[in-house]
Amino acid sequence: MLIDNDIHEGSRMNKLTISNINVSTHCIPLKRPYKVANQYFEIVDMIQVHIETKEGVTGFGTGTLANFLTGEILSESLKALNEFNLEPILGRPLESPEQAIELIESAFINTPAALAAIDIALYDAFAKSEKKSLLDYLGQHHTALPTSVTIGIKDTLEDALIELKEYVDAGFKAIKIKVGGTNLQSDITLLQEVKRRIPRDTHLYVDPNQGYSFEECIKFIQKTHDLGIAFLEQPVSVDDAPLLASLNDKLKEFICLDESLMHHQTAAEWEQYDSFPGHIFNIKLMKCGGITNASKIARIAKRNQIKLMFGCMDESCASISAALNFAYSQPHTRFIDLDGSFDLQEDLFKGGFELKNGLMYPIKKPGLGVTPFKTETVKKTKKQPEPA
């Protein structure tokens, strides 16, 4: 639901001076390994950032590497998070997270999850410095959003339906189904069975993860038009995505862009040539480098009446909270798929959001609203005090 009155972006009054940045890495197993088209996941590599400021404010951030999507590898992430690259934001008064990211982002071109971890920690700290929740700091536009939960590609139809029942019984109002791993008719049969088993008020999202050809995409749309699917996410490969630009506007309203939309520069190119392959943008902080760069994508979407979906990797509740708060702050948000922390065997943090009857709410506590479980520091960057 949208809030009727506009809430303007939070004020940027307090300056912060970063004195320390602690970085740690963690390898976290998943509760339930899963498969999507051409990929299998059972563990995730996660970066944790802890910022300390001269003013006594702390900020936390996390980033999950998505090598299959962005090409980011842990050694390069840690190399980017070195003292030289972070020097521009250490020991100087900073007016905003955006200013800080502008000073360092050129060193993180190939490591968006590392940049996202820094970015999220900055937003956490600045919101805390104003004694605001991150949502109040950003400005709120929604009161309630249902998150989807994702069913990966299963070995059998029965396995998928067993997991579906678990989520329906738990009260989730949006289900995302991964397809594209076998053949088109099997996918359609699966979705027909899913549709028969979900309540009438449950939304259905479908994600082939680039698994279809353009011809299969068109055939899929034709054969599933009566299933009430909300959107089809990245149905074709990145290379074939320009073909989607030839679709009429009615069909583009049904297409959500994920792997095709890695950076705000791509969205800017589509806008320049009026060649949007779809009219829903999937924003993932781990793809674009955090809230600062996500804001640039969101502004392009708003200008062009593009709907927003907020997705995730398998992530800590800290970065999920960041994405959720940002999603609530954007007027064009229509979908969220922020179930990434549900899959972790253990998290680095607790808190960040509340889940009630399938609806996901940000916690109205300072910053992200999270507290750490543990920290294993592998790198520390510190700005020494200047001589008196």
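In which helix is K195 found? In this predicted model, K195 is found in helix α8. With a relative accessibility of 29%, K195 counts as partly exposed. Contacts of K195 beyond its neighbours up to four places away in sequence are made with L227 and G228. Of these partners, L227 is 32 residues from K195 in sequence, yet the two C-alpha atoms are 6.7 Å apart in space.

Helix α8, which spans residues 184–197, also packs against helix α9, which spans residues 214–223. The angle between the two helices is about 30°, and their axes are 11 Å apart. Because angles under 35 degrees count as roughly parallel, α8 is described as roughly parallel to α9. The crossing of this pair is right-handed. On the α8 side, the contact is formed by L184, Q185, I188 and L191; on the α9 side, it is formed by E216, K219, F220 and K223. Sorted by class, the residues of this contact comprise 4 nonpolar, 1 polar and 3 charged.

A second packing pair involves helix α12, residues 264–273, and helix α14. These helices meet at an angle of about 20°, with their axes 9 Å apart, and are therefore roughly parallel to each other. The crossing of α12 and α14 is left-handed, whereas that of α8 and α9 is right-handed. Helix α12 contributes H264, A267, A268 and E271 to the contact, while α14 contributes N293, K296, I297, I300 and R303. The contact of α12 with α14 contains 4 nonpolar, 2 polar and 3 charged residues.

Helix α14, residues 291–303, has a further packing partner in helix α5, residues 112–129. Here the angle is about 95° and the axes are 8 Å apart. Since angles of 65 to 115 degrees count as roughly perpendicular, α5 is placed roughly perpendicular to α14. The residues that meet are L115, D119 and Y123 in α5 and I291, T292 and N293 in α14. By class, this contact has 3 nonpolar, 2 polar and 1 charged residues. N293 of α14 takes part in the contact with α5 and also in the contact with α12.

Attention may next be given to a residue of another helix. S77 is located in helix α2, which covers residues 74–80. The relative accessibility of S77 is 0%, so this residue counts as buried. Leaving aside neighbours within four places in sequence, S77 is in contact with I47, L65, E72, T111 and A114. Among these partners, I47 is 30 residues away from S77 in sequence, and the C-alpha atoms of the two residues are 8.5 Å apart in space.

Two loop residues were examined for their backbone angles. Most residues other than glycine have a negative phi. Q210, which is not glycine, nevertheless has a positive phi, near 70°. Q210 is found in the loop between strand β8 (203–207) and helix α9. Q234 likewise has a positive phi in a residue other than glycine, with a value near 40°. The position of Q234 is in the loop between strand β9 (229–233) and helix α10 (241–244). The surroundings of these residues are described by their accessibility: Q210, at 29% relative accessibility, counts as partly exposed, whereas Q234, at 1%, counts as buried.

The cysteines were considered last. A disulfide is a covalent bond between the sulfur atoms of two cysteines. A search of the whole structure found 0 disulfides. For C256, the closest cysteine sulfur belongs to C217 and is 12 Å away, which is too far for a bond. The cut-off applied to such a pair of sulfur atoms is 2.5 Å. C256 counts as buried because its relative accessibility is 0%. For C317, the closest cysteine sulfur is that of C312, also at 12 Å and too far for a bond. C317 has a relative accessibility of 3% and therefore counts as buried.

Note on methods: Residues are numbered from 1 along each chain as its sequence is written. This is a predicted model: local features need pLDDT of at least 70, side-chain atom pairs count only at pLDDT 80 or more; totals for chains, interfaces and linings use all residues. Side-chain values use heavy atoms; hydrogens and water are left out. Axes are lines fitted to C-alpha atoms, for helices over the stretch in contact, and angles run from 0 to 180 degrees between N-to-C directions. Helices (H or I, at least four residues) and strands (E, at least two) are DSSP runs, numbered from the N terminus. Angles under 35 degrees count as roughly parallel, over 145 as roughly antiparallel, 65 to 115 as roughly perpendicular and the rest as oblique. A crossing is left-handed if the near helix is turned anticlockwise from the far one by less than a right angle, and right-handed if clockwise. Contact means heavy atoms within 4.5 Å. Ala, Val, Leu, Ile, Met, Phe, Trp, Tyr, Cys and Pro count as nonpolar, Asp, Glu, Lys and Arg as charged, and the others, Gly among them, as polar. Buried means under 20% relative accessible area, exposed over 50%, partly exposed in between (1.4 Å probe, protein chains only).
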